[in-house]
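The following exercises concern ligand contacts, helix packing and backbone geometry. Please work through each task before reading its solution.

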Amino acid sequence: MRAPGRFITLEGGEGVGKSTQAGLLTQALRTQGLDVVQTREPGGSAGAEAIRDLLLTGAGDRWSTRAEALLFAAARGDHVARTILPAVAAGQWIVCDRFIDSSRAYQSATGELSDAEILSLHAVGSAGLMPDRTLLLAFDQAEGAERARARDGDAGDRIGDRDTTFHTGVSDRFAAIAAAEPARVRTVDASGSPEQVTSRLLAALADLLP
Ligand code: TMP
């Protein structure tokens with residue numbers, strides 16, 4: 001019998017090295033003989049990439065918190081239906097850079113929307129699909145913000161450019177999700193060389209590997 005596909009997500013705040021690690025983890029899993037699809041949010045399907053532009057460009061106040069949460073849920077719904085579910089059904093592994101926990105952390109960080117409200121949008125948009133494993137890259141939030149600023153300069157995005165209080169709230173919410181869901185979410189130290197971080201990620205997936 002064919003081994004089942006697995007849906008793995010990478011999460012964390014700004015400048016934590018998530019996108020680099022998504023690439024390295026994908027390569028490492030392929031080296032182990034797995035058929036891996038690398039994808040990201042917002043985006044990962046044609047419709048969701050179009051919504052990504054709406055979400056990440058323009059003035060900071062372009063969208064209300066509620067409209068922003070709905071757009072993320074709509075983008076995710078398209079990504080799940082057109083990219084993630086077909087890959088899982090085909091027995092592939094999916095390495096996804098950000099997913100529902102980013103909405104739970106970022107769109108609730110202003111306090112206007114609750115975690116339950118964001119999860120209810122996910123229930124409608126994506127039938128509540130949850131990852132088999134979520135790897136939360138943990139790094140000093142202030143240092144990460146500094147790295148993201150150094151990397152992006154003036155070319156940051158609408159959400160990444162928010163103030164330190166917002167990003168501290170995001171970080172606290174990620175930590176709370178990890179504490180509440182230890183079977184799904186593993187916190188991984190993101191300090192050290194990229195190779196060291198990738199081996200920690202692989203160790204946090206060891207029980208799922210065939
Ligand atoms: P990126 O920096 O990983 O490309 O993500 C783009 C920005 O979008 C980042 O600041 C986090 C934000 N974001 C949310 O606010 N909610 C979400 O659900 C997702 C997927 C991303």
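**Exercise 1.** Determine which polar contacts the ligand makes, and how much of its accessible area the protein covers.

*Solution.* Step 1: a backbone N or O atom of Gly160 lies 3.4 Å from an oxygen atom of the ligand, where a polar contact is a pair of N or O atoms within 3.5 Å. The model is predicted, so local features need pLDDT of at least 70 and side-chain atom pairs count only at pLDDT 80 or more, while totals for chains, interfaces and linings use all residues. Residues are numbered from 1 along each chain as its sequence is written, and side-chain values use heavy atoms, with hydrogens and water left out.

Step 2: the side chain of Arg98 places an N or O atom 2.8 Å from a ligand oxygen atom, and a polar side-chain atom of Gln107 lies 2.8 Å from a ligand nitrogen atom.

Step 3: on its own the ligand has 480 Å² of accessible area, of which the protein covers 93% (Shrake-Rupley method, 1.4 Å probe).

**Exercise 2.** Describe the packing of helix H3 against helix H5.

*Solution.* Step 1: H3 (residues 65-89) and H5 (residues 115-126) pack at about 35°, with axes 8 Å apart. Helices are DSSP runs of H or I with at least four residues, and strands are runs of E with at least two; axes are lines fitted to C-alpha atoms over the stretch in contact, and angles run from 0 to 180 degrees between N-to-C directions.

Step 2: the residues of H3 that meet H5 include Arg66, Leu70 and Val80, and their partners in H5 include Glu117 and Leu121 (contact: heavy atoms within 4.5 Å).

**Exercise 3.** Locate Arg98 and Pro42 and characterise their backbone geometry.

*Solution.* Step 1: Arg98 lies in the loop between strand S3 (93-97) and helix H4 (100-106), and its phi is near 75°, a positive value in a residue other than glycine.

Step 2: Pro42 is found in the loop between strand S2 (36-40) and helix H2 (46-56). The peptide bond from Glu41 to Pro42 is cis, with omega near -10°.

Note on methods. A polar contact is a pair of N or O atoms within 3.5 Å; within protein, one must be able to donate a hydrogen and the other to accept it, and residues adjacent in sequence count only if both atoms are side-chain atoms.
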